[in-house]
Amino acid sequence: MSRILMVSSEAAPYAKTGGLADVVGALPAALQQLGHEVAVLIPRYAGTVARSPRQVTDPFVVQLGPYAWRPSVYTTAEDSPFFFLDLPEFYARDGIYGDRRGDFGDNDLRFGMLSLAVFEFARRMFRPDIIHCHDWQAGLTPCYLKTWLTQEPTFYKTKSIETIHNLGYLGYFGRGSLERVGLPPWLFRTDLVEFYGGISLLKAGLVYADAITTVSPRYAQEIQTPEHGYGLDGLLRSRSQDLIGILNGVDYSTWNPETDTAIPANYSAADLSGKAVCKRELLREFGLEHAPLDRPLVGIVSRLAGQKGSDLILDAAPALFGEDLSMVVLGSGEPSFEQMFRQIRDAFPERVGLRLGYDDGLAHRIEAGSDMFLMPSRYEPCGLNQIYSLRYGTVPVVRATGGLDDTIDGETGFKFWEYSGYALLLAMQAALRAWNDRERWTRMMRTGMGRDFSWMASAVQYSTLYERLLNP
Ligand code: ADP
Ligand code: GLC
């Protein structure tokens, strides 16, 4: 069994903007069950609330480019695998990546620091066999490892993995960042970290990691094409031997209608009666209590970003709301998409309930109280909400891309292929026809509820990869 050190910018419940946090929050426990020793290093943000936080290292020096910093590390309850890098100058801010004005201007330093400080953490607290890095925020770790640290006995045999949760976020910075994060000028090459005149921290990870993973088999193929490759498809094709797609799992201790404490009534595939209570309460929570209970309710929970296909909903809205349905939306993200949903709500106020912001409890109540869950993503590396929906008996209507295509089939949901409002409309109409056939609908709900996406299957695949890297 191996010692695995993860580096990430998010981990639930300590810091979350999306599915990355769910994955890094849950995968460690599954790996521990398989016998691995696991530690996870994430930054200690202003909003990171850990039970009885405990400082476990004295401040240590990290020289990042021209400046020296003195972070330290905290942890939470005994035996927790989660460790928090404390450096208030960088992390004690309200947002994780930015605030209302946009991304923070020093994200190269903030995540360069995380990627470098992990080695000091490793020396003091946890000697890893494998450093498992998540997304661009940890992309410099494999690069530091291979360019500076391989000569050091501590890291001589250490392998690294870069997991792509979302290729759309490249960690792109200007050329000057190279020096700011302490990398030598010779790395500024097209086949190394240079990217369109600047540098990409994700590319650094993809070039230097011993193996690359992404979060569904389908997305692993897609990112090797120009359409989904964000300019890195050539690099990914050249590393296709080292690239695999491992589907995310789901933490059913958090996402399970039988035990969920955030929903007004629990239910199961055997006894669905609580779901009707959840629907009634959800309609009330959104001020839609006048809607008849036999009218289907469509739920959306989403980061509002170009990736998520919100524009298709706007395109389809006039025809869509000509159908007999209501919709509740919870989203947070880019102001232009928030505006788009306000526009839809204002055009159909009797049909649409909208909450802009981040609300974990409400995300659970939408999964439980909706009849259908809509995810029209332009691209989707894995997607977790549609898998949560299956367990909650909420039938997904999805665009067949990435993990959405891998997790939903004709027995459990509805798919469309073309990226257009019209294709979305046709898929929704098919779902509405099925809704009217109560027997068929209940069968679909139950089939979805019976599907198993628990973490163990994915953890076994990661485990196999770790073993292969360590014993080639
Ligand atoms: P992504 O990581 O691209 O955002 P996923 O489907 O993998 O997509 O994961 C999204 C996660 O974030 C889910 O746990 C979902 O419930 C949560 N989420 C997204 N937006 C919100 C929001 N506005 N409020 C609460 N939870 C949200
Ligand atoms: C990313 C992707 C999402 C995936 C999540 C966790 O944010 O957009 O599809 O489920 O990471 O891997």
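Here are five short exercises, with worked solutions, on a predicted model of a protein chain with ligands.

**Exercise 1: the two domains**

Find the domains of the chain and describe how they touch.

*Solution.*
Step 1. Start with the bounds: domain 1 covers 3–249 + 456–470, and domain 2 covers 273–452. Notice that domain 1 is written as two stretches of sequence.
Step 2. Now look at the spacing: the C-alpha centres of domain 1 and domain 2 are 32 Å apart.
Step 3. Next, count who takes part in the contact: 22 residues come from domain 1 and 21 residues from domain 2.
Step 4. Finish with the area: the two domains bury about 1,500 Å² between them, and 49% of this is on carbon and sulfur atoms.

**Exercise 2: the surroundings of ligand 2**

Work out which residues come nearest to ligand 2, and why ligand 2 lies between the two domains.

*Solution.*
Step 1. List the neighbours: 14 residues are around ligand 2, and His 165, Asn 248, Gln 307, Glu 380 and Gly 383 come nearest.
Step 2. Sort the shell by class, which gives six nonpolar, six polar and two charged residues.
Step 3. Ask which element gives the largest share: helix α1 (residues 19–33) does, with three residues.
Step 4. Check the backbone around the ligand's oxygen atoms. A polar backbone atom of Pro 381 is 3.5 Å from an oxygen atom of ligand 2, one of Cys 382 is 3.0 Å from an oxygen atom of ligand 2, and a backbone N or O atom of Gly 383 is 2.8 Å from an oxygen atom of ligand 2.
Step 5. Look at the cover: on its own ligand 2 has 310 Å² of accessible area, and the protein covers 94% of that.
Step 6. Draw the conclusion: ligand 2 lies between domain 1 and domain 2 because both give residues to its shell.

**Exercise 3: the surroundings of ligand 1**

Describe the shell around ligand 1 and find some of its polar partners.

*Solution.*
Step 1. Begin with the neighbours: ligand 1 is surrounded by 23 residues, with Lys 16, Gly 19, Asp 22, Arg 303 and Lys 308 the closest.
Step 2. By class, the shell of ligand 1 holds seven nonpolar, nine polar and seven charged residues.
Step 3. Trace the elements: α1, β17 (297–304), β18 (326–333), α12 (360–369) and α13 (385–391) each supply at least two residues of this shell.
Step 4. Trace the domains too: domain 1 and domain 2 each provide at least three residues of the shell around ligand 1.
Step 5. Pick out the polar atoms. A polar side-chain atom of Ser 332 is 3.5 Å from a nitrogen atom of ligand 1. A backbone N or O atom of Leu 384 is 2.8 Å from an oxygen atom of the ligand, while a side-chain N or O atom of Asn 385 is 3.3 Å from an oxygen atom of ligand 1.
Step 6. Add the cover: ligand 1 taken alone exposes 560 Å², and the protein buries 95% of that.

**Exercise 4: a contact of Asp 210**

Locate Asp 210 and find a side chain joined to it by a polar contact.

*Solution.*
Step 1. Asp 210 sits in the loop between α6 (201–208) and β15 (211–214).
Step 2. Beyond four places in sequence, its contacts include Lys 146, Thr 158, Arg 239 and Leu 469.
Step 3. The side chains of Asp 210 and Lys 146 are joined by a polar contact of 2.9 Å.

**Exercise 5: backbone angles**

Examine the backbone at Pro 13 and Asp 79.

*Solution.*
Step 1. Pro 13 lies in the loop between β1 (3–7) and α1, and the peptide bond to it from Ala 12 is cis, with omega near 5°.
Step 2. Asp 79 belongs to the loop between β6 (72–75) and β7 (82–86). Its phi is near 75°, a positive value in a residue other than glycine.

Note on methods: Residues numbered from 1 in each chain as written. Chains lettered and ligands numbered in written order. Predicted model: local features only at pLDDT ≥ 70, side-chain atom pairs only at ≥ 80, totals over all residues. Heavy atoms only, no water. Polar contact = N/O pair within 3.5 Å; in protein donor to acceptor, adjacent residues only side chain to side chain. Areas by Shrake-Rupley, 256 points an atom, 1.4 Å probe, with all protein chains shown as cover. Helix = DSSP H or I, 4+ residues; strand = E, 2+ residues; numbered from the N terminus. Nonpolar A, V, L, I, M, F, W, Y, C, P; charged D, E, K, R; others polar. Domains from an automatic or database assignment. Near = heavy atom within 4 Å. Contact = heavy atoms within 4.5 Å. Buried area = accessible area lost by both parts, 1.4 Å probe.
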